[in-house]
Amino acid sequence: MRQQPWTQHLLRWGALVSVFTTAVVLTGGTLVWLAERHASGGNLRHWGDAAWWAVTTLTTVGYGEHYPVTLLGRLVAVCIMAAGVAIIGAVAAIVAYAFAGRLATRLEEAVRQVEHQVEHVGEEVEEVEAEVSGRRPGPHRGALQEIVVGVADPDTADSLTWLLARLGWHPAAGDDGIGWRAGAVLLRIAVRPWDAPVGIQGRLTFGAGSPERLARITRESGRHGFHAVHVVVAPDGSLPGDHTGPVTLRTHAGFEVVLTTS
């Protein structure tokens, strides 16, 4: 069974919290023991008592039978208390992340099952229609068309990811990673560097909707690695004159996206 990404993060964070907790207890307990073992009126003369005191202080229990009397010992106690609050918060966050990860996994599995059932029903409908009409069945209307787009670098991938989200595409998880879906089209982005560092490396065309929305996306694209080609957008976000598109956006790596108002 393949391990989920959220499980790997959970194990990593749990290990980090455990190591940090052990380090705080051992370091804090040792420092307090060194400061208190010869202090007048001190009650932490043994390392074991100091380590036990560090554990109770870190967990905010604080029985009160042991406590530091020197200035250095109290300063260390304050640091251990602060670390204890931080660790408790981290543990709570890890537990919440674990529940959220399991819920997300179950939701993704449920979505995949529903999509599979819908696709299966579509195939059966096509077969029935073919039998009734006497024609040979072809690809059903619910078939998912998957497109893989190769980009030159991670920056171009980030820019294209922003644009897809801005255009209303929805992320879709699968066995091959995250893709972007709109209707029956699934688009995946793969970083595949070309030998030539400059020039037009690829082009996609998308409909942006109204001219106003086209202008807004064109204006915002400058903050996400794009620059408009042969079009200057006014500061208020409007396009010059009666220009209603198309608008060509280009990344620094030369990847072009054409936006239309259709």
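Visitor: What relative accessibility does arginine 166 have, and how does it count on the buried-to-exposed scale?
Guide: First, a heads-up: this is a predicted model, where local features need pLDDT of at least 70 and side-chain atom pairs count only at pLDDT 80 or more, while totals for chains, interfaces and linings use all residues. Residues are numbered from 1 along each chain as its sequence is written, and side-chain values use heavy atoms, leaving out hydrogens and water. Buried means under 20% relative accessible area, exposed over 50% and partly exposed in between, with a 1.4 Å probe and protein chains only. Arginine 166 sits at 23%, so it counts as partly exposed.

Visitor: Which residue does arginine 166 meet in a salt bridge?
Guide: A salt bridge here is a side-chain nitrogen of Lys or Arg within 4 Å of a carboxyl oxygen of Asp or Glu. Arginine 166 has its partner at 2.7 Å, N to O. The pair links distant parts of the chain, helix H4 and helix H5 (residues 211-221), 54 residues apart (helices are DSSP runs of H or I, at least four residues, and strands of E, at least two, numbered from the N terminus). The partner has 16% relative accessibility and so counts as buried: glutamate 220.

Visitor: How far apart are the end C-alpha atoms of H4?
Guide: The expected span is 1.5 Å times one less than the number of residues. H4 runs over residues 154-166, which makes 13 residues, so it should span 18 Å. The model agrees, with the ends apart by 18 Å.

Visitor: Which glycine comes just after H4 with a positive phi?
Guide: H4 itself has several buried residues, among them Leu160, Trp162 and Leu163. Just past the helix, phi turns positive, at about 100°, at glycine 168.

Visitor: What kind of pair do tryptophan 169 and phenylalanine 206 make, and what about tryptophan 13 and tyrosine 97?
Guide: The structure holds two aromatic pairs (rings of Phe, Tyr and Trp, using its six-membered ring, with centres within 6.5 Å; planes under 30 degrees apart are stacked, over 60 edge-to-face, the rest tilted). Tryptophan 13 and tyrosine 97 have ring centres 4.9 Å apart and planes at 55°, so that pair is tilted. It links helix H1 (residues 5-36) to helix H3 (residues 71-133), 84 residues apart. For tryptophan 169 and phenylalanine 206, the centres are 5.7 Å apart and the planes are at 90°, so that pair is edge-to-face.

Visitor: How many residues apart in sequence are the parts tied together by tryptophan 169 and phenylalanine 206?
Guide: Both of these residues are buried. Tryptophan 169 lies in the loop between H4 and strand E2 (170-174), and phenylalanine 206 in strand E5 (residues 202-207), so the separation is 37 residues.

Visitor: Which residue pairs with arginine 250 in a salt bridge?
Guide: The closest N and O atoms of this pair are 2.3 Å apart. Arginine 250 is at 26% relative accessibility and so counts as partly exposed. Its partner is buried, with a relative accessible area of 2%: glutamate 256.

Visitor: Over which ring does the charged end of arginine 37 sit?
Guide: A charge sits over a ring if NZ of Lys or CZ of Arg is within 6 Å of the ring centre and within 35 degrees of the ring normal. Arginine 37 is 4.6 Å from the centre of the ring of tryptophan 33.

Visitor: Which threonine follows H2 with a positive phi?
Guide: H2 has 12 residues, so it should span 16 Å, which agrees with its end C-alpha atoms at 16 Å. Its buried residues include Trp53 and Leu58. After the helix, phi is positive, near 60°, at threonine 60.
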